[in-house]
Amino acid sequence: MANLQTTKTPMPEQEANVRNGNFLEVALGYTLEQAQNEAQRCLNCKNKPCVSGCPVGIPIPDFLAKVAEGDIAAAYGILSNANALPAISGRVCPQESQCEGKCVRCNKGDSVGIGRVERFVADWAAENGVSNVATAPKNGHKVAVIGSGPAGLTCAGELARMGYAVTVFEAFHTPGGVLSYGIPEFRLPKAIVKREVANLEKMGVEIQLNMVIGKVLTITELFDMGFEAVFIGSGAGLPMFMKIPGESLVGVYSANEYLTRINLMKAYKPDSDTPVLHNKKVAVVGGGNVAMDAARCAKRMGAEVHIVYRRGEEELPARLEEIHHAKEEGIIFDLLTNPVCIEGDEKGCVSSITCIRMELGEPDASGRRRPVEIPGSEFKMEVDAVIMSLGTQPNPMSYDGTPGLEKTRKGCVQADDHGHTSCDNIFAGGDAATGAATVILAMGAGKSAAKSIDAYIKSK
């Protein structure tokens, strides 16, 4: 019989005024009893609406049923057969707008905490030495994957399971893409990223680092090396700015730069080779998950931190959990506020930011109410750093020597939902094809492209 508890089983976590001074993971994870209790809330609906909300198609009621029974090994088998990176998606997937958002338990209370149970299962498997590295016999075909972010890793894992020899080419010195350079340690410990990458390597996936495709090798040269298809998952790490006065001052960061220094280069450590300043007061411009990540990092670096966002709280695009955690940690939200100028001191360093108050008008193309300036409402905020978190564009990549590959006006690779491009043997997904995607959507694109690559090679 299902557990009719109307609220999610609480997730243990660090106390707010402790965690905002360290980079340890905030959420501490379920115990077995807590995971079972939450899994028993699943009603095992006939139509399984949660599955339709999952971009990688996890058979959610099936793995929850095994957890409810206490058979965690079986739950992990079901979960890992559908998802190459369960410990990651269980932590950073926006479940509230996907699988959990379609859960029928939402009609009378909280959805089932699918992501929390997924995380528990993946962590239990690692702690107990359980892995799922089974693959089909090698089929003699080679595929190249450009980029080791969530789309690339997922595509590589799916192809390896099918028996393909897969080589991943990563531009950075560390695999993981945004999982390594973008998402902070307190949300996604890098040891977990390394663990998931190691599982893929056990499946036979080869990862070559410091390989900037388009420079070190061209896509055409990859085909000359015997690869029969190429998947492009090169990410979207090119930052956007407001083009307001003062953006070139010392102390103005893009969120990507700030997070890369902290997450990939460990700038929060005293002996880091790539430090960042320990600022006193920081303005983070933007309201998405990346803005929350940057703000919470700056707080941990000792600053008073303000989120400056031109719309209201209802329009904040960040996950509700991230907003909640940021508020708990002492982040100040200056909503309906937009920067118009950044001022500097005699040394060329940020000293203040001038903002204007906004009010909400009619909805725009995004469906959110358009922010409108209130004349004469300008005010100045003294800050010594400004972090711009306004979205990103596709990472620039040279396609010289790749005739016929079409791109969108934004510079993305032109691809359909299944990864097909204008070239029969080139596929793309995730940020390389869309310009921006959540981790789980990128994973979904990688999985879909892997199926397309398999179909293409079998049809030759």
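**Close-up views of a predicted model**

Across this predicted model, counting a salt bridge wherever a side-chain nitrogen of Lys or Arg comes within 4 Å of a carboxyl oxygen of Asp or Glu, the count comes to 25 salt bridges. The views below begin with some of these pairs and then turn to the cores, the sheet and two helices.

**View 1. The side chains of Glu96 and Arg319 meet in a salt bridge.**
The N to O distance of this pair is 3.2 Å. Glu96 belongs to the loop between α6 and α7 (114-127), whereas Arg319 belongs to the loop between β8 (304-308) and α14 (320-328), so the pair ties together parts that are 223 residues apart in sequence. Glu96 counts as partly exposed, its relative accessibility being 33%, while Arg319, at 7% relative accessibility, counts as buried.

**View 2. Arg311 and Asp364 form a salt bridge.**
In this pair the closest N and O atoms are 2.5 Å apart. Arg311 lies in the loop between β8 and α14, and Asp364 in the loop between β11 (350-363) and β12 (369-373), so that parts 53 residues apart in sequence are tied together by the pair. Arg311 counts as buried at 2% relative accessibility, and Asp364 counts as buried at 18%, since the cut-off for a buried residue is under 20% relative accessible area.

**View 3. Within helix α7, Arg119 and Asp123 meet through their side chains in a salt bridge.**
The two residues are four places apart in the helix, which is about one turn, and their N to O distance is 3.7 Å. In general, an α-helix has 3.6 residues a turn, so residues three or four places apart point the same way. Arg119 is buried at 6% relative accessibility, and Asp123 is likewise buried, with a relative accessible area of 13%.

**View 4. A network of salt bridges links nine named residues, among them Glu13, Arg19 and Arg187.**
The other members of the network are Asp293, Arg296, Arg300, Glu322, Glu328 and Glu329. Side chains of opposite charge can pair when their charged atoms come close.

**View 5. The largest nonpolar core has 67 residues.**
Among its members, Ile60, Phe63, Leu64, Val67, Ile88, Val121 and Ile453 touch the most other members. Helix α16 (residues 439-459) supplies the largest share of this core, namely nine residues. Once its neighbours within four places in sequence are left aside, Ile60 is in contact with Cys50, Val51, Cys54, Cys99 and Ile114. A second core, separate from this one, has 31 residues, including Tyr258, Leu259, Ala318 and Ile331. In soluble globular proteins, nonpolar side chains tend to be buried together.

**View 6. Five strands form an open sheet with parallel pairing, in the order β3-β2-β1-β4-β16.**
The edges are taken by β3 and β16 (426-428), each of which has a single partner strand, so one side of each is left without a neighbour in the sheet. On average, and with direction ignored, neighbouring strands of this sheet are turned by 20° against each other. Strand β2 (residues 165-169) pairs with β3 in the parallel sense over three bridges, and Gln208 of β3 is the bridge partner of Phe169. Helix α16 lies across β1 (142-146), β4 (229-232) and β16, and it runs at about 165° to β4.

**View 7. Helix α8 is largely enclosed by the rest of the structure, because twelve of its twelve residues are buried.**
From its first C-alpha to its last, α8 reaches 17 Å, close to the 16 Å expected at 1.5 Å a residue. Its buried residues include the charged-group carriers Glu158 and Arg161 as well as Leu153, Cys155 and Leu159. Just after α8, Gly163 takes a positive phi of about 105°.

**View 8. Helix α10 (residues 190-202) has 13 residues and spans 18 Å between its first and last C-alpha.**
This reach is close to the 18 Å expected at 1.5 Å a residue. The buried residues of α10 are Lys190, Ile192, Val193, Glu196, Val197, Asn199 and Leu200. What covers them includes the helices α5 (72-82), α6 (86-92), α8 (150-161), α9 (178-181) and α12 (255-263), together with strand β3 (206-208). Gly204, which follows α10, has a positive phi, near 105°.

Note on methods: Residues numbered from 1 in each chain as written. Predicted model: local features only at pLDDT ≥ 70, side-chain atom pairs only at ≥ 80, totals over all residues. Heavy atoms only, no water. Expected span 1.5 Å × (residues − 1). Buried < 20%, exposed > 50% of the residue type's maximum accessible area, 1.4 Å probe, protein only. Contact = heavy atoms within 4.5 Å. Core = buried A, V, L, I, M, F, W, Y, C linked by side-chain atoms within 4.5 Å. Pairing = 2+ DSSP bridges. Axes fitted to C-alpha atoms, helices over the stretch in contact; angles between N-to-C directions.
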